[in-house]
Amino acid sequence: MENKDKPLSTEIPQMSDKEFEDTIRLAIKTYGKEAQTQMLFEEMSELQNALCKLARNRGTADQVCEEIADVMIMCLQMAHIYGTKRIEQWANRKMIRLKDRLNHDSQTKA
């Protein structure tokens with residue numbers, strides 16, 4: 001059975017928050033907003049493909065995790081482009097709405 005919490009390797013170096021942010025900024029500066037937006041589309045497609053393969057027992061959870069990481073990195077770039085504070089506000093609003101729906105659904109089932 002695959003351990004979902006097992007790290008890829010102990011030899012993978014960790015980035016500091018500053019290195020992470022600097023890399024996000026550099027990617028956008030180097031490739032441009034339009035190219036990175038197109039790359040997000042490609043990465044989302046690859047994630048969808050990996051999920052479909054997993055559902056058909058032709059892929060692995062590790063492949064899905066790799067594609068999720070790619071999509072998350074591209075989404076972080078989009079957040080930088082469009083404004084992290086705005087994204088955080090929208091995410092918070094949506095999480096509150098989800099929580100309210102879950103609470104409502106659990107009360108109607110009780």
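**Exercise 1. Classify a loop residue.**

Task: Is Asn-57, at 72% relative accessibility, buried or exposed?

Solution. Start with the value: Asn-57 has 72% relative accessibility. Next, take the cut-offs: buried means under 20% relative accessible area, exposed over 50%, and partly exposed in between (1.4 Å probe, protein chains only). Asn-57 therefore counts as exposed. The areas themselves come from the Shrake-Rupley method with a 1.4 Å probe, and for residues only the protein chains shown count as cover. Now place the residue: Asn-57 sits in the loop between H2 and H3. Helices (H or I, at least four residues) and strands (E, at least two) are DSSP runs, numbered from the N terminus. Last, check the backbone: phi of Asn-57 is near 60°, a positive value in a residue other than glycine.

**Before you go on.** The model is predicted, so local features need pLDDT of at least 70, side-chain atom pairs count only at pLDDT 80 or more, and totals for chains, interfaces and linings use all residues. Residues are numbered from 1 along each chain as its sequence is written, and side-chain values use heavy atoms, with hydrogens and water left out.

**Exercise 2. Trace the salt bridges.**

Task: Which residues are linked in a network of salt bridges?

Solution.

1. Begin with the principle. Side chains of opposite charge can pair when their charged atoms come close.
2. Apply the cut-off. A salt bridge is a side-chain nitrogen of Lys or Arg within 4 Å of a carboxyl oxygen of Asp or Glu.
3. Count them. The structure holds two salt bridges.
4. Take one pair. Asp-22 bridges to Lys-18, with the closest N and O atoms 2.7 Å apart. Both lie in helix H1 (residues 17-31), four residues apart, about one turn of the helix.
5. Take the other pair. Asp-22 also bridges to Arg-25, and here the closest N and O atoms are 3.9 Å apart. These two residues of helix H1 are three residues apart, again about one turn of the helix.
6. Join the pairs. Lys-18, Asp-22 and Arg-25 form a linked network.
7. Add the accessibility. Lys-18 has a relative accessible area of 57%, so Lys-18 is exposed. Asp-22, at 34%, counts as partly exposed. Arg-25, at 41%, is partly exposed.

**Exercise 3. Examine a buried charge.**

Task: How far from Glu-67 is the nearest side chain of opposite charge?

Solution. Locate the residue: Glu-67 lies in helix H3. Fix the signs: Lys and Arg count as positive and Asp and Glu as negative, while His and the chain ends are not counted. Then look for a partner. The nearest side chain of opposite charge is Lys-53, 8.9 Å away. Glu-67 is buried yet has no salt bridge. Finally, list the neighbours. A contact means heavy atoms within 4.5 Å. Leaving out residues up to four places away in sequence, Glu-67 touches Glu-43, Glu-46, Leu-47 and Ala-50.

**Exercise 4. Map the surface patches.**

Task: Which residues make the negative, positive and nonpolar surface patches?

Solution.

1. State the rule. Patches are made of residues with over 30% relative accessible area and no salt bridge; like charges are joined within 9 Å, and nonpolar side chains (Val, Leu, Ile, Met, Phe, Trp, Tyr) within 5 Å. The place of a charge is taken as NZ of Lys, CZ of Arg, CG of Asp or CD of Glu.
2. Find the negative patch. Glu-42, Glu-46, Asp-62 and Glu-66 gather there. Helix H2 (33-55) and helix H3 (61-82) are the elements that give two or more residues to this patch. Glu-42 belongs to helix H2. At 43% relative accessibility, Glu-42 counts as partly exposed.
3. Find the positive patch. Arg-93, Lys-94, Arg-97 and Arg-101 form it. Arg-101 lies in helix H4 (residues 84-109).
4. Find the nonpolar patch. Met-15, Phe-20 and Leu-76 make a patch of about 260 Å². Met-15 is placed in the segment before H1. At 46% relative accessibility, Met-15 counts as partly exposed.

**Exercise 5. Compare sequence and space.**

Task: How many Å separate the C-alpha atoms of Trp-90 and Thr-108?

Solution. Trp-90 lies in helix H4. Trp-90 and Thr-108 are 18 residues apart along the chain, and their C-alpha atoms are separated by 27 Å. Now try another pair: Ile-73, found in helix H3, and Glu-42. They are 31 residues apart in sequence and 13 Å apart in space, C-alpha to C-alpha.
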